Amino acid sequence: MGYTKTEFGKLEDGTAVYRYTLTNEQGASASFTDLGGIWLTMVVPDRDGKMADVVLGYDSVKGILTGPGHPGEPVGRNANRIGGAKFTLNGVTYELNKNSGGKHNLHSGPDYYRNRVWEALVEEDGMGTKISFSLFSPDGDQGYPGNADITVSYTLTPDNSLQLDYHMVSDRDTVANFTNHAYFNLAGHDSGNAMNQKVWIDADAFTVTDADSIPTGELAPVKGTPMDFTKMKTIAKDIEADYEQLRWAGGFDHNWALNHPAGEISLSARAVDEASGRVMEVYTDLPGVQFYTANSMTTDMGKEGTSYKKRDGYCFETQYFPDAVNKPEFVSSFLKAGQEYKTTTIYKFSVE
């Protein structure tokens with residue numbers, strides 16, 4: 001039980017950034033850096049007790065600042081895509097950077113929260129060791145209205161769960177839609193292609209997108225399509241299917257509309273690596289999860305010198321639906337001035 005703090009590296013201006021490693025009594029550990037509040041590692045046992053780090057990512061400042069894919073990042077103020085890189089709130093239209101295809105906004109970039117040093121606080125609570133990263137985001141930051149106080153907390157629990165709690169308050173009506181962009185490979189981050197791992201998603205529908213991955217507003221049933229994960233199957237089974245949604249995205253990169261009651265923390269997805277016996281369960285109170293199969297995630301900058309290739313991992317990005325700011329038919333991602341944005345996602349690791 002407890003944590004260690006070590007220097008992770010330095011920014012160009014000499015600012016030191018730190019790595020915090022939480023360890024539980026089972027010997028599982030998770031590490032993070034105050035650069036971006038990023039989740040760096042998740043070391044958990046297989047069925048024989050052999051430990052491996054099951055999240056992809058970077059182990060250098062340079063990797064975090066310049067590498068692709070956003071691994072482990074708490075993405076905000078708005079995760080995923082905003083069509084046309086603009087939205088209207090209270091009669092005012094807010095223009096965002098067009099960092100996706102020259103037309104749309106993706107992950108509130110390019111002035112990402114990963115580029116900033118967050119304030120870190122470690123504490124023990126009844127659930128385990130918790131690290132909280134806090135950031136002040138001024139009015140106009142990334143193009144969004146309102147001065148916002150943001151906290152992202154990670155708690156490593158005795159049962160090898162990592163609980164992520166998000167909190168934000170703003171002094172003006174604004175957008176609040178955070179996620180974590182962790183890529184998982186239950187065989188180990190350096191084990192190569194992850195598409196033979198099995199996935200289940202508790203969703204009877206998904207948000208149909210156009211060729212730019214912007215939702216059209218339609219919720220389509222998954223039944224009878226490659227998007228059906230209501231029964232566990234290997235990711236590889238349907239990923240190459242001749243299906244327009246998959247052809248456009250180069251694989252799975254879609255939002256599933258979760259079945260659970262609104263606002264209730266529920267088991268929403270499950271992944272299994274049969275070879276190692278590792279299992280991951282995803283619990284969330286959010287209405288959607290973006291299941292992404294690392295279709296364009298290639299880099300030679302991975303942890304421990306690893307070269308990651310496309311489909312070496314997959315993401316379960318819990319969130320409000322993409323482009324909810326422009327789709328009144330979706331659950332709203334707008335946050336009223338003075339109100340609290342509070343949401344929880346849990347990644348629970350076990351074996352079978």
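Begin by selecting arginine 270, which is partly exposed at a relative accessible area of 22%, where buried means under 20% relative accessible area, exposed over 50%, and partly exposed in between (1.4 Å probe, protein chains only). This is a predicted model, in which local features need pLDDT of at least 70 and side-chain atom pairs count only at pLDDT 80 or more, while totals for chains, interfaces and linings use all residues. Residues are numbered from 1 along each chain as its sequence is written, and side-chain values use heavy atoms, with hydrogens and water left out.

Now add glutamate 281, which is buried, with a relative accessible area of 14%; its side chain meets that of arginine 270 in a salt bridge (3.6 Å, N to O), the term standing for a side-chain nitrogen of Lys or Arg within 4 Å of a carboxyl oxygen of Asp or Glu. The pair links distant parts of the chain, 11 residues apart, with arginine 270 in strand S22 (residues 266–272) and glutamate 281 in strand S23 (residues 278–284); strands (E, at least two residues) are DSSP runs, numbered from the N terminus.

Next, select lysine 103 and aspartate 212, whose side chains form a salt bridge at 2.8 Å, N to O. Lysine 103 lies in the loop between strands S9 (92–95) and S10 (105–106), and aspartate 212, 109 residues apart from it, in the loop between S18 (203–209) and S19 (215–221). Lysine 103 is partly exposed at 43%, and aspartate 212 is partly exposed at 30%.

Finally, move to lysine 237, exposed at 59% relative accessibility, and to its salt-bridge partner aspartate 238, with the closest N and O atoms 3.9 Å apart; aspartate 238 is buried at 16%.

Note on methods: Helix = DSSP H or I, 4+ residues; strand = E, 2+ residues; numbered from the N terminus.
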